[in-house]
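Student: Could you take a close look at the charged pairs in this model for me, and then walk me through the parts around them? I would like one connected account rather than a list.

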Amino acid sequence: MTVVTATKRPARDAPRVGNRRTSERGAWLLVLPALIPILVLSVGPLLYGILLAFTDAQSGRTRATQWIGGLNFQDLLHDTLFWESFRIGLVWAVGVTVPQFLLALGLALLLDQDLKLRWLARALAIIPWAMPEVVVGVMWRLVYNPDAGVLNETLRTLGLGDGRDWLSGLSTALPAVIVVGVWAGMPQTTVTLLAGLQNTPHELHEAAAMDGAGAWRRFRTVTWPALRPVAFAITALNFIWNFNSFALVYVLTSGGPGGRTRLPMLFAYEEAFRYGQFGYAAAMGLVMVAVISLLLALFLVGRIKAGDEA
């Protein structure tokens, strides 16, 4: 009598450690070409800047750079010019971000309607986004030109005065620059909000309209709840981008007049490349990174709490 012994076969779907490790190595090889530039161009300079903030590095020095610990940060605590630039940076960031969002929301709501030549209006709305900041700055310097600028010529034509030097006036420089910042950054906010609006189901609007809800009530109960995550995200990003602005304000005013438009990035730039205080400028940059990271963390915590409550 022949006895057949059954052997247990391995399950077909059982994971194989060797294959898993091979696939992980293959995934890392695919990610590596994109990871190397990030490490070299972003993480590396950031770490070097953090190290530099604790030294007395200066340009044109004959002796070696020395480690001075937190002395740069102690000097920053008593640097009234830096904290004044920080205040100006916050005023600039809020002054640009809030009108930017409100105007972009209105424009996105308009472009979401079924209008004639809507495609042309959408194309024209994103033109400022396609222009480099330097070009935008030069163009608006021509607009604000005190002698032959479009703005002053329009005011003279309408009989509203002889105009003024908008970018050189102590009381008008910052508001004039804020207007340019709003105009330059509004397209990307508009496109983001428009994408959020188009992802809102139209059936909800139709159901609310059939229930007798007006335009404002439909916006408050249907549109805004669907648009809120996108709106909060783009507002946070805009605030960070605006606070870290450099090129636009540098071309328009270079931080003048009298430091009225000297943003923190401009202040750090001047300390590093005009006065050669690389270590001190790196400490300024580290403080700004810390503040922005804190604001971003508070925003994320608020979004998480709002999601849990919902």
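**Salt bridges and their surroundings**

Tutor: Happy to. The structure holds 3 salt bridges, and since you work with models, please keep in mind that this one is predicted. Side chains of opposite charge can pair when their charged atoms come close. Let us take the pairs one by one and then move outward.

Start in helix α3, which covers residues 80-111 and holds both E84 and R87. These two form a salt bridge whose closest N and O atoms are 2.6 Å apart. Along the chain they are separated by 3 residues, about one turn of the helix. An α-helix has 3.6 residues a turn, so residues three or four places apart point the same way. How buried or exposed are the two partners? E84 has a relative accessible area of 35%, so it counts as partly exposed. R87 is partly exposed too, because its relative accessibility is 45%.

A second pair sits in helix α7, residues 150-157, where R156 and E153 are likewise 3 residues apart, about one turn of the helix. Here the closest N and O atoms of the salt bridge between R156 and E153 are 3.2 Å apart. R156 comes out as partly exposed, with a relative accessibility of 30%, and E153 falls in that class as well, at 37%.

The third salt bridge joins R262 to E270, with 3.3 Å between the closest N and O atoms. Its two ends fall into separate burial classes: R262 is partly exposed at 22% relative accessible area, whereas E270 is buried at 9%. The cut-off matters for this pair, because buried means under 20% relative accessible area.

R262 also gives us a link back to helix α3, through S85, which is found in that helix. Leaving aside residues up to four places away in sequence, S85 touches R262, L263, P264 and F267. S85 itself is buried, because its relative accessible area is 1%. So which part of the third salt bridge does S85 touch? R262 is the partner named among its contacts.

Now for the loop between α11 (247-252) and α12 (264-274), which contains P257. The peptide bond joining G256 and P257 is cis, with omega at about -10°. S254 belongs to this loop too, and although S254 is not a glycine, its phi is positive, about 55°. With a relative accessible area of 38%, S254 is partly exposed. If you look at backbone torsions, G256, P257 and S254 are good places to begin.

Two helices deserve attention for their bends. Helix α10 runs over residues 215-243; a straight helix of its 29 residues would span 42 Å, yet α10 spans only 35 Å between its end C-alpha atoms. Where does α10 bend? The bend is at W224, by about 55°, and the proline P225 follows within four residues. The buried residues of α10 include F219, V222, T223, L227 and A231. Further along the helix, I234, A236, N238, F239, I240, N242 and F243 are among the buried residues too.

Helix α8, residues 173-198, has 26 residues and reaches 38 Å from its first C-alpha to its last, close to the 38 Å expected. Even so, α8 has a kink of about 40° at M186, shortly before the proline P187.

T223 in α10 can also be placed relative to H202: their C-alpha atoms are 9.8 Å apart in space, and the two residues are 21 residues apart in sequence. H202 is found in helix α9, residues 202-210, and it is partly exposed, because its relative accessibility is 47%.

To finish, set the charged pairs beside a nonpolar part of the surface. A patch of about 1100 Å² is made by residues including L29, L32, I36, I38 and V289. Helix α1, residues 17-52, gives the most to this patch, with 11 residues. V43 is one of the patch residues and is found in α1. V43 counts as partly exposed, because its relative accessibility is 33%.

Technical notes
Residues are numbered from 1 along each chain as its sequence is written. This is a predicted model: local features need pLDDT of at least 70, side-chain atom pairs count only at pLDDT 80 or more; totals for chains, interfaces and linings use all residues. Side-chain values use heavy atoms; hydrogens and water are left out. Helices (H or I, at least four residues) and strands (E, at least two) are DSSP runs, numbered from the N terminus. The expected span of a helix is 1.5 Å times one less than its number of residues. The bend at a residue is the angle between axes fitted to the seven residues ending there and the seven starting there. Patches are made of residues with over 30% relative accessible area and no salt bridge: like charges are joined within 9 Å, nonpolar side chains (Val, Leu, Ile, Met, Phe, Trp, Tyr) within 5 Å. Accessible areas come from the Shrake-Rupley method with a 1.4 Å probe; for residues, only the protein chains shown count as cover. A salt bridge is a side-chain nitrogen of Lys or Arg within 4 Å of a carboxyl oxygen of Asp or Glu. Buried means under 20% relative accessible area, exposed over 50%, partly exposed in between (1.4 Å probe, protein chains only). Contact means heavy atoms within 4.5 Å.
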